[in-house]
Amino acid sequence: MQLFLEFKSLIKKNIREYGMYIALVVICAFFAIMTKGNFMSSRNISNLISQSGYVAVLAVGMTLVLIIKWIDLSIGFVAGFLGALAAVLIVQQNMPMEIACIIVILAGIGIGMFNGFLVAKVGVPAFVTTLAVMLIFRGSLLEITGATGTIVIPDEKFNAIGNGFIPDIANVEGIHVLTLIIGMLAIVAYIISQFISRKNLKRYQFEVISMPIFIFKLIFISVLIGYIVWILAGYNGLSWTAVVVALVVVIYHFIMSKTALGRHIYGVGGNKEAAELSGINVRRITFLVFTSMGMLAGLAGLLYTSRQRSAMPTAGTLFELDAIAAAFVGGVSAAGGVGKVTGSIIGALVMCALPNGMKLMGVSISYEYIIRGVILVLAVVFDITTRKTKS
Amino acid sequence: MNNYILEMRGITKIFPGVKALDNVNFKVKKGEIHGLLGENGAGKSTLMKVLSGVYPYRSYDGEISLDNETQRFNQISDSEKAGIAIIYQELALIPELTVYENIFFGHEIKNGAFIDWNETFKRAVGMLKKVRLNINPAIKVKELGIGTRQLIEIAKAISKNVKLLILDEPTAALNEDDSINLLNLLRELKEQGVTSILISHKIKEVLSIADTITVLRDGKTVCTLDPKDRDFNEFGIIKHMVGREIENIYPPRLEQKIGDVCFEVRNWSAIDSAKGKQILHDINLNVRKGEIVSIAGLMGAGRTEFALSLFGNTDKYAVQGEMYINGKKQKFKHPRQAIDAGLAYATEDRKNKGLILIQNIKQNISIANLKSLCNMGVINENREIRATESYIESLNIKATSVAQITENLSGGNQQKVSVAKWLYANPQIMILDEPTRGIDVGAKYEIYCIMRDLVRKGMSIIMISSELLEILGISDRIYVMNKGRITGEIMTSEATQETIMQKAML
């Protein structure tokens, strides 16, 4: 009973942090039942993760932008355009795919710097800047795909980024061994890091959750990771997309939680004037955040184009909305200053699980848009109401 | 039947932890000009906010009656309907609209569903005549000077058939001519039967025009004077304004060695870039090692702007002049450079410009000096926590842990966090802007002790304060600022409240 009460108050207090996990579990359970298990099949989960890669990458960048209280509406068509640029470079210029990818990422950084320059140095509101840039790259995308329409990419090495899987080290029938090993390492790393952080918290007399709940949390997350890894290992193993996303998340999570740069970003989001008076160069931070967003838009463009094995004139449509929604679902505050990269990844999975599940259920595309819109609004309503009850 | 148009009886208004108004009685006779005086924080604006319904009925104790009728205002529009109009220091005109649109903004003359522009224009001309303004009503307000705008505000008030006109520091931003003009207008309005309340820091001005003067101090009515009273003069009124009993609320002065000049500005001038107006004129000031120097002055004297302009806010202020720290000439392009050079500025506006309220104590204390905690850009959190804990202990910050969100701290503890943040940046010269505003007496005493302790360890402090007693109680030397200029420099041992006040209100 005591345990149950603590559990209840824990959920209540941390509803902002756990909300998205609950949402994800509820959505998955719902679709699993409605599709008679198809949704949770190895094949579909593997697909879902590969499909959501570009949204996840964009959501990570958007998290930073939203934390400092700006928005970037350009990233959809910037990603679309940059993906098409990769196709043009590989197909029409016969460039090796590695060099094409580097050029695309650099171009993304350049576009991000342009946005950042206008917002941070010139002082044009990001809404206007990025809306204009979105139009520019929507046009540019049409222009470079215009001659041929869709550009099909025959380069299998490039297409593997979105469709391929990591190689295996041993040959066991039906099981991807390397994936299993990575999964187990991840679980061990998670458990160790949790114990260390708990010890530290206790040392400084922070409030910690009670041991049984702590163990429960550990088991729950471990089983969750283990289950997903098991499903993936039963199919083709870990996809390259998952690896790319994981790398991005680890790097950005580290920057945001452990470095001075991350602190400065949260500081600017929490109170711009106080941050400036505390010696933080708000313009520089703003510029950097938009630059990182541009870089990630380039990466997202590569993931998407590779996944589709082609560049299309419509690529990039509403990507920015999915990224914004993913960030809000993932606990980023609409008032700025609050949000986690890891949360936004869960948000991205939610935003991709919805259309995926609905397709399996045979729901028409029109409802898909409506439901995505509703989810976006709900996420922000959730944010505002939970913030209110706190104060 | 009495001849009071307004009677406020037994008004008490309590904010969390502070009694802003304590059983205030305030009566205004019909047809008079009534001056309301008091130091900053004496309760003048709170009283006017109670009167105008900003603080709704029931959020205070006491009774208000207007024309012998008891009033219960729940919002500003209620008091407006009853015939009370307040003109605030910050004018409420809309710059992009024309004069006639502004005069009838919010109470438009309608013909059915539509605005009757002809009638509006005609009446606006009449209103402008009443306030003796000879301008084209079709001109946009943004093209007019501040003095003219003030008169338009009054025209707007009169157009609502105002019974009681309240002016909050109407001449604070006006030049001499405009001020005289405005005061003459008040006299004329009085002849036309309009009663007005004049809130002002300019005592001479109030004396020249008011029929009655009420002085507030510490949320209480001190006295109500008319020209027959012996104290109806500048010195008499200053005495009432500041003459509270002095409690022992300052730590004792210790013998202390004051060193050489470590901070100096010469011919410092600044232009507010947003307004395009010069706000600081030829300021010369110096601070010695181990010294507490105060900058006294009224609100709007330019003290905060001075501090901000020193601190490298080049976006907001274009500065001229020279600054020396330990004899070395300095020029800051960003607060970062100022901090690195050994300067710190703890703002008066803790909530909006000082702390990041959604973050915890630890994050707030370390933010100005994260560099010292970092190894290749990675924060050493253990060291951060230890540093924070040492400040919680040494400054006696009352908090549950280093991870407590600063929003949930009391004002005094927030101020201590703000001080800790700047101590952690390890400055040589600390500028404290209104360090005790809005905090209770106990916490004030602790802040004073901290300041004394810091200068004993060799730091120098520039304190900006509006509280004269605080300035006299804590500082070694006092500069007085008025309208962006230093109007006096006094050793505390030779200063009295009256001498400071006089220089502040020249």
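These are my notebook entries on a predicted model with a chain A and a chain B.

**Entry 1: chain A as a whole**

I began with chain A and counted its secondary structure, which comes to 17 helices and two strands. Next I checked the radius of gyration of chain A, which is 21 Å; the globule rule gives 21 Å for 391 residues, so chain A is as compact as a globular protein of that length. Along the principal axes, the C-alpha atoms of chain A fill a box of roughly 70 × 60 × 40 Å. I then looked at burial and found that buried residues make up 45% of the 391 residues in chain A. I also sorted the contacts in chain A by sequence separation. Among those between residues at least 6 apart in sequence, 81% join residues at least 24 apart.

**Entry 2: a helix of chain A**

How many of the eleven residues of helix H15 of chain A are buried? I found ten, so this helix, residues 319-329, is largely enclosed by the rest of the structure. The buried residues of H15(A) include Phe319(A), Ile324(A), Phe328(A) and Val329(A). I was pleased to spot Glu320(A) and Asp322(A) on that buried list too, and a set of alanines is there as well: Ala323(A), Ala325(A), Ala326(A) and Ala327(A). Following the chain past H15(A), I came to Gly331(A), which has a positive phi near 100°.

**Entry 3: domains of chain B**

I turned to chain B and took its domain assignment, which gives domain 1 (4-242), domain 2 (259-342 + 428-442 + 456-506) and domain 3 (353-426). Domain 2 of chain B is thus written in several segments, and domain 3 of chain B covers 353-426. I looked up the C-alpha centres of domain 1 and domain 2 of chain B, and they lie 32 Å apart. The contact takes nine residues from domain 1 of chain B and ten residues from domain 2 of chain B. Which element gives the most to the domain 1 side of that contact in chain B? It is helix H8 (residues 234-242) of chain B, with three residues. I sorted the residues on this domain 1 side by character and got five nonpolar, three polar and one charged.

**Entry 4: where the chains meet**

I then looked at the two chains together: 27 residues of chain B are in contact with 21 residues of chain A. On the chain B side, helix H10 (335-340), helix H11 (350-354) and strand S20 (378-379) each supply at least two residues. The chain B residues that touch chain A divide into 16 nonpolar, eight polar and three charged.

**Entry 5: a six-stranded sheet in chain B**

I traced an open sheet of six strands in chain B, in the order S18-S21-S22-S15-S23-S24, and its pairing is mixed. Strand S18 (343-346) and strand S24 (485-491) of chain B are the edge strands, each pairing on one side only. Neighbouring strands of this sheet are turned by 20° against each other on average, direction ignored. I picked out one pair for a closer look: strand S21 (residues 429-433) and strand S22 (residues 460-464) of chain B are parallel and share five bridges. There, Ile429(B) has Ser460(B) in S22(B) as its bridge partner. I also noted helix H17 (residues 497-504) of chain B, which lies across strand S15 (292-297), strand S23 (477-482) and S24 of chain B and runs at about 30° to S23(B).

**Entry 6: strand S9 of chain B and its partners**

Strand S9 (residues 164-168) of chain B caught my eye, with four of its five residues buried. I found strand S6 (residues 84-87) of chain B joined to S9(B) by four bridges in parallel, with Ala85(B) partnered by Leu165(B). Strand S10 (residues 195-199) of chain B also runs parallel to S9(B), over five bridges. In that pairing, Leu164(B) stands opposite Thr195(B).

**Entry 7: a four-stranded sheet in chain B**

I finished with an open, antiparallel sheet of four strands in chain B, ordered S14-S13-S16-S17. Strand S14 (277-288) and strand S17 (328-330) of chain B each have a single partner strand, so one side of each is left without a neighbour in the sheet. Here I got an average turn of 10° between neighbouring strands, direction ignored. Strand S13 (residues 261-272) and strand S16 (residues 317-325) of chain B are joined by eight bridges, and Ser269(B) stands opposite Gln320(B) in S16(B).

Note on methods:
Residues numbered from 1 in each chain as written. Chains lettered and ligands numbered in written order. Predicted model: local features only at pLDDT ≥ 70, side-chain atom pairs only at ≥ 80, totals over all residues. Domains from an automatic or database assignment. Contact = placed C-beta atoms within 7 Å. Nonpolar A, V, L, I, M, F, W, Y, C, P; charged D, E, K, R; others polar. Rg over C-alpha atoms; globule rule 2.2 N^0.38 Å. Buried ≥ 20, exposed ≤ 12 C-beta atoms within 10 Å, placed from the backbone. Pairing = 2+ DSSP bridges. Axes fitted to C-alpha atoms, helices over the stretch in contact; angles between N-to-C directions.
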